[in-house]
Amino acid sequence: MPLLSHNDLRVTERKIAIPRLPRELERFRLVQISDLHFYEYTDPAYYDRVADHVNRLRPDVIVMTGDVVHYGPEHVDAAGAFLARLQPALARLGILGNHDYNDGAHGGNIAAMLEKVGFQLLKNANCCVERNGQKLWFAGLDDLWYGQPDIPQALADIPTETDVTIMLAHNPLLFDPVALTGHGKVDLVIAGHTHAGHVYIPVLGPIYRKIFRMKYRYGLFEKNGCQLHVTSGIGSAAFYLKKQKLGFPRFRFNTNPEIAVLELICSL
């Protein structure tokens, strides 16, 4: 893997065992994209490549776990054009990240764009997707830093005692309260935000650990029977000066961007 890895896009496939998954939903394919960070240094050709990869994977559902733009309303349309190209079999679902609240309308521009291009925004809300007569529930939380995440509201009216429920949360620090308060109700939490550290130095580890408070940096985790998947995201924006609206060119160091494919199975 190149050390400067912002263009080194990978497709990461993981099998997620959910014991109570109905047989009719065996091998249900989720494709997770996260942390797009559209801004003035975005490379359109790179995102064309991402869209082509996603569509070739033939997902049942595409989930977008926040940070569509890095900042500002001027990049919302470009992000929407990219998202409109993505074609799952059943549904396109999304949530807001912390950067989306810097879209010039406290997340309103992103919310309107997602609706326009066919993504359902789950902001402390839920929906169900059906395949072969069986329901799979998706709930989404508002952002931890700039929103008001509400776990009971996000899970309202879901028959969690019987049906599989997947929670979308931009910041993986929300996993702990979901696993504790939603014990037995949420089977899988899907998150982004960390960029897998963005700058990862061997031996020393990610230099962003203190900034992001990265208890859950990347990969799979488990607590109280609930699982967590944290993706490294596909974008590469790192720093910006908020008041000046000045960004810095794209880069990653030793942390590749990824499209995450999560295949749900009954058992390993």
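On the other side of α3, are E115 and K116 buried or exposed? In this predicted model, the matter is best approached by way of the residues that α3 turns inward. The buried residues of α3 are I110, M113 and L114. Because these three cover an arc of only 100 degrees around the axis, they lie on the same side of α3. On the other side of the helix, E115 and K116 are exposed. The cover over the buried residues of α3 includes β3, α2 and β5, the last of these spanning residues 120-121. After α3 comes G118, which has a positive phi, near 95 degrees.

A wider view is given by the nonpolar cores of the model. In soluble globular proteins, nonpolar side chains tend to be buried together. Here the largest nonpolar core contains 30 residues, of which I33, F82, L83 and I234 touch the most other members. At least two residues of this core are supplied by each of β2 (28-33), α1 (44-56), β3 (61-64), α2 (76-84), α3 (108-116) and β16 (258-265). The largest share, five residues, comes from α1.

The surroundings of F82 can be described in further detail. When its neighbours within four places in sequence are left aside, F82 is in contact with I33, L36, F38, Y47, V50, A51 and I234; two of the residues named here, I33 and I234, are also listed with F82 among those that touch the most other members of the core. Apart from this core lies another, of 24 residues, including L21, A91, L188 and I190.

Definitions and conventions
Residues numbered from 1 in each chain as written. Predicted model: local features only at pLDDT ≥ 70, side-chain atom pairs only at ≥ 80, totals over all residues. Heavy atoms only, no water. Core = buried A, V, L, I, M, F, W, Y, C linked by side-chain atoms within 4.5 Å. Buried < 20%, exposed > 50% of the residue type's maximum accessible area, 1.4 Å probe, protein only. Helix = DSSP H or I, 4+ residues; strand = E, 2+ residues; numbered from the N terminus. Contact = heavy atoms within 4.5 Å. Arc of directions from axis to C-beta.
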